[in-house]
Number of protein chains: 2
Amino acid sequence: MRTKNPTTRPRKLPIARRDGIAPVSQSAEYALRVMTCLARGDQIARTAIDLAAEASVPVHYLSKVLRRLVAAGLLSSQKGHGGGFVLARPASKIRFADILGAMGEAPVGGRCAFGWGKCDAKNPCPLHPAWSALSDALQSWAGDTTLADVAAGATHKKPRRRG
Amino acid sequence: MRTKNPTTRPRKLPIARRDGIAPVSQSAEYALRVMTCLARGDQIARTAIDLAAEASVPVHYLSKVLRRLVAAGLLSSQKGHGGGFVLARPASKIRFADILGAMGEAPVGGRCAFGWGKCDAKNPCPLHPAWSALSDALQSWAGDTTLADVAAGATHKKPRRRG
DNA sequence: CCATCAATAGACCACGATGTCCATAAACAG
DNA sequence: CTGTTTATGGACATCGTGGTCTATTGATGG
């Protein structure tokens, strides 16, 4: 039964704050970490506890993240003894954009950085050229990078060129 | 005359949420907008109300943003009749990175995206190659783009509907 | 069947970011 | 000097994100 402590008091929550220009949310970063872990290992199921340790993510919070990744069809899960999480498809078929999308980070679409309703090359807001340079870079990064890239890299990676 | 209403008002706060991959915080985006407005105009002082309208930013919140920009030495301010805000130095000398820095967005420093304490080319985390590609792009964007760029941009091509 | 393991679900909380509002200080016009 | 105009400063409110915790469901092994 839930003890429901009415005097919930002494919690120290060292919430991870954004300490710089962060292209993605904390949750999305956690998702990238854990997907990377899974891509680097064999295809055996890894438990949430195991993954949390490797990716340095709070266990209970990670389980929420994992749930979303399962719901998005990027992971499959198995309960019970010997269960855990596995990639739902080959690492080369999972783009960073898919992972970010699963975490609710839309693909940076056409939103105008200047606050105009719409803004395009024909009728650009003052920030348009500078901003689209940035968002193009972000978008192609997320769209072109796959888990296979990070799985291969890390220890001794090849200078992999995307384009 | 309004006197400090003690009862909790049912205020509608349509807080702007991140609706996608957002490289900078909302405040920082506001700062970029307003600095762009100032760079595009003449060097005459603009009031906060004026700027808020042009940049589509809540007035009272904008004044906080402006304060931070003044404190950072990017703007100078003048009180009283005819007062307002002006760029503290030429637009070509104000980089986006300066503006983001003033809003507390550190230059995306060496923080490891995988949660490792330290992580560099010598001892890279699994995400390092992919992540540094992204943060390099961000950093050079912020470091290379100046207000002169956006001022020159869509300026004299005033979006005027021809008749 | 029962114990155990592990995912699923969601209530709850803390805190920072965003946003509103009011009071005060400075500069100027009359 | 008085009043208006403007920036400055800070007290609040609200919401989403990050994080903790407990209970439940499903699978496996004995």
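Okay, let's start with one contact: the side chains of A:Arg111 and B:Glu29 meet in a salt bridge, 2.6 Å from N to O. Before I go on, please keep in mind that this is a predicted model.

So how many salt bridges are there between chain B and chain A? The count is two. There is also a little network here, where salt bridges that share partners join A:Glu29, A:Arg33 and B:Arg111.

Now let's step back and look at how the chains meet. On the chain B side, 43 residues are in contact with 45 residues of chain A. Together the two chains bury about 4000 Å² between them, and 67% of that is on carbon and sulfur atoms.

Do the copies use the same surface or different ones? Well, 95% of the interface residues of chain B are also interface residues in chain A, so the copies meet through the same surface.

Next up, symmetry. In general, two copies of a chain are related by a rotation about an axis and a shift along it. Here, a turn of 180 degrees and a shift of 0.0 Å along the axis lay chain B on chain A, with an RMSD of 0.0 Å. The two copies are thus related as by a two-fold rotation axis. Which residue of chain B comes closest to that axis? That's B:Pro23, with its C-alpha at 2.1 Å.

Let's go back to salt bridges, this time inside a chain. Over all chains, the structure holds twelve of them. One is in chain A, between A:Arg46 and A:Glu54, where the closest N and O atoms are 2.5 Å apart. Is A:Arg46 buried or exposed? A:Arg46 has a relative accessible area of 13%, so it counts as buried, the cut-off being under 20%. Its partner A:Glu54 is partly exposed, at 32%.

Over in chain B, the side chains of B:Glu54 and B:Arg46 also meet in a salt bridge, at 2.6 Å from N to O. B:Arg46 is buried at 13%, while B:Glu54 is partly exposed at 32%.

Here's one more from chain A: A:Asp98 and A:Arg89 meet through their side chains in a salt bridge of 3.4 Å, N to O. A:Arg89 is partly exposed, with a relative accessible area of 31%.

On to the greasy stuff. The largest nonpolar core has 45 residues. Which of them touch the most other members? Those are B:Met35, B:Leu69, B:Leu87, B:Ile99 and B:Leu147. Now, where does this core come from? Several elements of chain B give two or more residues to it, including helix H1 (26-40), helix H2 (48-55), helix H3 (59-71) and strand E2 (84-87). Helix H5 (128-144) of chain A is also one of the elements that give two or more residues, so have a look at that one when you turn the model. The largest share, nine residues, comes from H1 of chain B.

Take B:Leu147 and click on it. Leaving aside neighbours within four places in sequence, B:Leu147 is in contact with B:Met35, B:Thr36, B:Ala39, B:Leu87, B:Ala91, B:Ile94, B:Phe96 and B:Ile99. There is also a second, separate core of 44 residues, and among its members are A:Tyr30, A:Met35, A:Ile99 and A:Met103.

Last topic: aromatic rings. How many aromatic pairs are there over all chains? The count comes to eight. One of them is B:Phe96 with B:Trp141, an edge-to-face pair at 5.2 Å centre to centre, with 80 degrees between the planes. This pair links distant parts of the chain: B:Phe96 sits in helix H4 (residues 96-102) and B:Trp141 in helix H5 (residues 128-144), 45 residues apart. B:Phe96 is buried at 1% relative accessibility, and B:Trp141 is buried too, at 9%.

Another edge-to-face pair is B:Phe114 with B:Trp116, 5.9 Å centre to centre and 85 degrees between the planes. In this pair B:Phe114 is buried, at 1%, whereas B:Trp116 is partly exposed, at 33%.

And I'll end with rings from both chains: ring pairs link A:Phe96, A:Trp141 and B:Trp131 into a cluster. That's me done, thanks for listening!

Methods
Residues are numbered from 1 along each chain as its sequence is written. Chains are lettered from A and ligands numbered from 1 in the order in which they are written. This is a predicted model: local features need pLDDT of at least 70, side-chain atom pairs count only at pLDDT 80 or more; totals for chains, interfaces and linings use all residues. Side-chain values use heavy atoms; hydrogens and water are left out. Rings of Phe, Tyr and Trp (its six-membered ring) pair if their centres lie within 6.5 Å; planes under 30 degrees apart count as stacked, over 60 as edge-to-face and the rest as tilted. Helices (H or I, at least four residues) and strands (E, at least two) are DSSP runs, numbered from the N terminus. Buried means under 20% relative accessible area, exposed over 50%, partly exposed in between (1.4 Å probe, protein chains only). A nonpolar core is a set of buried Ala, Val, Leu, Ile, Met, Phe, Trp, Tyr and Cys residues joined through side-chain atoms within 4.5 Å. Contact means heavy atoms within 4.5 Å. Copies are superposed by least squares on the C-alpha atoms of residues with pLDDT of at least 70 in both. Buried area is the accessible area (1.4 Å probe) that two parts lose on being put together, summed over both. A salt bridge is a side-chain nitrogen of Lys or Arg within 4 Å of a carboxyl oxygen of Asp or Glu.
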